[in-house]
Structure formats: structure tokens, C-alpha cells
Amino acid sequence: MAHGLRPVGIDFVETAPVRLVFTHELNAAPDTVFRALAEDVPGWTQWFSAVTSARPTAGGRQIRLRGGTRFEESVIEAESPGRYAYRVDVANTPGARAWIEEWRLAPAGTGTRVRMTFALDGTGLFRAVARLARPGVGRAFHDAMTALDRRLTDRDPADPASG
């Protein structure tokens, strides 16, 4: 059953009881990566295999994951090309009480260094499960970044049908 989560601000990224932080370098430029994250919400299903549905809403997104997890999110930071963050407002994840996901993008040569932070709070069981899930979440993040990079760098800018 879906339930509302505590509305937290962007500072929660640094103070959350559970923080899962992952990094990956992409060949695509930061502005290109930012557009894929923030502006092409439906495109997430093409590169993040856990995402089965992603659609923009007024001020946020609705996300469905494999296994039936659902989120209603509010975008709380969208600073092109360096930062994109959203807060989960409603979720059907048992025990979740507060949740922000932050994407930090920084130039790395001609590409982008992506740092993704899951900032979480919930019941003791939720926090324990989140910590135990770190390796799997890390693999999912790595696979998603690899797929996104392939998607962004395999495009022919002169051919609009290639993306």
C-alpha cells in the first residue's frame, strides 16, 4: 500500500541515517547527461533496466520499478548541468519514511563523473535492508550508467532517429 513520506529538504542528502553513494564516469558531456536525467524522463526505461515506467508530472515524476515498487516524486533541484535531485513523496515501499536521490555531475576530461546518492530514512528494518541492498543497488547503478553512456554516445547528432 502506498504511503506518504516525510517531506525533507536537499540538506537531507548529507544528514540521512542511510546514505548509499555510487560513482561512475561516462564519455558523454555533463549537459548531455543532465538532459537525459532531467528532461527525458520517459527515456529512463531505455537505460535503467529496473525502471519499467517513468512519466513526468507537474513538478515531478511517477516511477514504477520491476517487482511493483511505485514512487511519486518531486524534483527539488535541477541545476544544469551539475545537479539533479528529487524527493520521494509517496511510495509503496514498507518502512520508508524519507527518501531523496541526488545526481551530481562534474566534468571528467571530455566526459562526466556521475555521483548518485540515495539518502534514506525509515524503520530500523528498512534501514537495515537498505544497507544490505548496497551491493545490488551499486550493480544496478553501474549497469544503468553503462547503458546510458552507450545510449548517449552511440547517437549520431545529425540523425534524429538514432536516439
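## A tour from Trp 44

Start by selecting Trp 44, which is buried, with a relative accessible area of 2% (buried means under 20% relative accessible area, exposed over 50% and partly exposed in between, with a 1.4 Å probe and protein chains only). The model is predicted, so local features need pLDDT of at least 70 and side-chain atom pairs count only at pLDDT 80 or more, while totals for chains, interfaces and linings use all residues. Residues are numbered from 1 along each chain as its sequence is written, and side-chain values use heavy atoms, with hydrogens and water left out.

Next, keep Trp 44 selected and add Tyr 86, with which Trp 44 forms an edge-to-face aromatic pair, 6.4 Å centre to centre and with 70 degrees between the planes (rings of Phe, Tyr and Trp, the last by its six-membered ring, pair if their centres lie within 6.5 Å; planes under 30 degrees apart count as stacked, over 60 as edge-to-face and the rest as tilted). Because Trp 44 lies in helix α3 and Tyr 86 in strand β6 (residues 83-91), this pair ties together parts that are 42 residues apart in sequence (helices, H or I of at least four residues, and strands, E of at least two, are DSSP runs numbered from the N terminus).

Now bring in Arg 61, whose charged end sits over the ring of Trp 44, 4.3 Å from its centre, and also over the ring of Tyr 86, 4.0 Å from its centre (NZ of Lys or CZ of Arg must be within 6 Å of the ring centre and within 35 degrees of the ring normal).

Finally, select Trp 47, which is buried, with a relative accessible area of 4%.
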